[in-house]
Amino acid sequence: MRRFLPLLAVLACLAACGGDDAAGGGAERGTLALDFQPNAVHAGIYAARNLDVRVPAASTDSLKLLAAGRADMSVVDIHDLGLAREQGADVVGVGALVQRPLAAVIARGGEIRRPRDLEGRRVGVTGLPSDEAVLRAVVEDDGGSIERVRRVTIGFSAVPSLISGRVDAVVSFWNAEGVVLRERGVRTREFRVDEFGAPGYPELVLAASQKTLDERAELVDSMLDEIATGTRAALRDRAAIVTELAREGGSDEELMRAQLEAVAPALVPPVRLDREALEAWAGFDAEFGILREPPRVERAFRLP
């Protein structure tokens with residue numbers, strides 16, 4: 001779900017492109033691009049009644065579709081949003097899909113009881129800057145030394161790498177890989193980043209181009225209302241949305257149900273942006289080297 005994109009290829013188009021104008025009268029259907037294959041964090045989107053959803057062919061497509069005017073709104077990792085703006089993209093966060101970080105260091109149960117026990121251990125990372133930030137925050141918050149942790153680049157193979165014993169822990173997502181590991185009977189211990197060194201920022205945000213906001217603000221507001229209403233409906237009738245998400249994502253219903261149960265508390269309040277949480281995120285990303293300097297939250301997000 002978290003991908004640091006080849007952003008320069010997107011920037012010029014974001015400056016020039018917006019969503020297509022509505023054809024004819026009546027309520028306009030907004031087009032939303034996902035960040036990844038359908039999963040439990042998208043429950044509110046799939047329960048919405050008036051959205052056209054684009055599933056990416058690759059994880060880099062969310063901002064590309066927004067840049068090309070083929071989506072009115074996209075689900076974007078908050079760190080990617082910061083990077084895009086830092087490199088000149090005029091993309092703006094308009095809502096929060098989840099209300100807390102999803103990243104965690106997930107260790108095999110047993111001798112690793114607390115983050116500083118990771119010293120001298122092999123920890124799998126994807127190679128993305130955010131992984132290093134998460135690992136450093138978790139270890140140093142417990143008084144450990146990040147320099148004494150052995151990082152192993154494993155790409156996006158967290159589950160098999162941990163199960164096989166190639167690594168002792170992984171930087172991954174507690175709502176996805178963490179649930180998969182438990183469902184497979186692997187005993188784990190999770191060190192969630194907002195419990196060890198990081199603030200409670202929204203990991204996934206909803207974004208639109210500034211051009212779309214300038215020219216079609218009513219559509220953006222309508223889409224956010226749809227997602228908020230859909231989220232509340234999905235949490236009321238979880239069985240129905242689990243079936244749809246499993247079908248759309250080609251996943252097992254039992255696993256999807258477990259993932260929705262895990263992430264459900266982070267889905268409320270739906271779409272709300274909190275200035276204090278965003279200010280804390282901006283400071284964290286700059287302090288831990290994801291961004292060069294803290295972004296100006298009032299420009300990066302459309303706040304109430």
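I count Ala, Val, Leu, Ile, Met, Phe, Trp, Tyr, Cys and Pro as nonpolar, Asp, Glu, Lys and Arg as charged, and the others, Gly among them, as polar.

Basis. I worked from a predicted model, in which local features need pLDDT of at least 70, side-chain atom pairs count only at pLDDT 80 or more, and totals for chains, interfaces and linings use all residues. Residues are numbered from 1 along each chain as its sequence is written, and side-chain values use heavy atoms, with hydrogens and water left out.

Pocket. I looked up the lining of the second largest pocket (an open set of points on a 1 Å grid over the protein atoms alone, with protein on both sides within 12 Å along at least five of seven lines; lining residues have an atom within 4 Å of a point). I found 4 nonpolar, 1 polar and 6 charged residues in this lining. Among them are Arg85, Glu86, Arg292, Glu293, Pro294 and Pro295. I noted that helix H4 (78–86) and helix H13 (297–300) each supply at least two lining residues; helices are DSSP runs of H or I, at least four residues, numbered from the N terminus. H4 gives the most, with 3 residues.

Core. I then turned to the largest nonpolar core (buried Ala, Val, Leu, Ile, Met, Phe, Trp, Tyr and Cys residues joined through side-chain atoms within 4.5 Å), where buried means under 20% relative accessible area with a 1.4 Å probe, protein chains only. Of its 55 residues, Leu32, Met73, Leu206, Ile227 and Val263 touch the most other members. Helix H9 (residues 217–236) contributes the largest share, 8 residues. I recorded another core apart from this one, of 46 residues, including Ala96 and Phe284.

Whole chain. I noted that buried residues make up 55% of the 304 residues.

Methods: Buried < 20%, exposed > 50% of the residue type's maximum accessible area, 1.4 Å probe, protein only. 1 Å grid on protein atoms, 1.4 Å probe; cavity = no way out; pocket = protein on both sides within 12 Å on 5 of 7 lines; lining within 4 Å.
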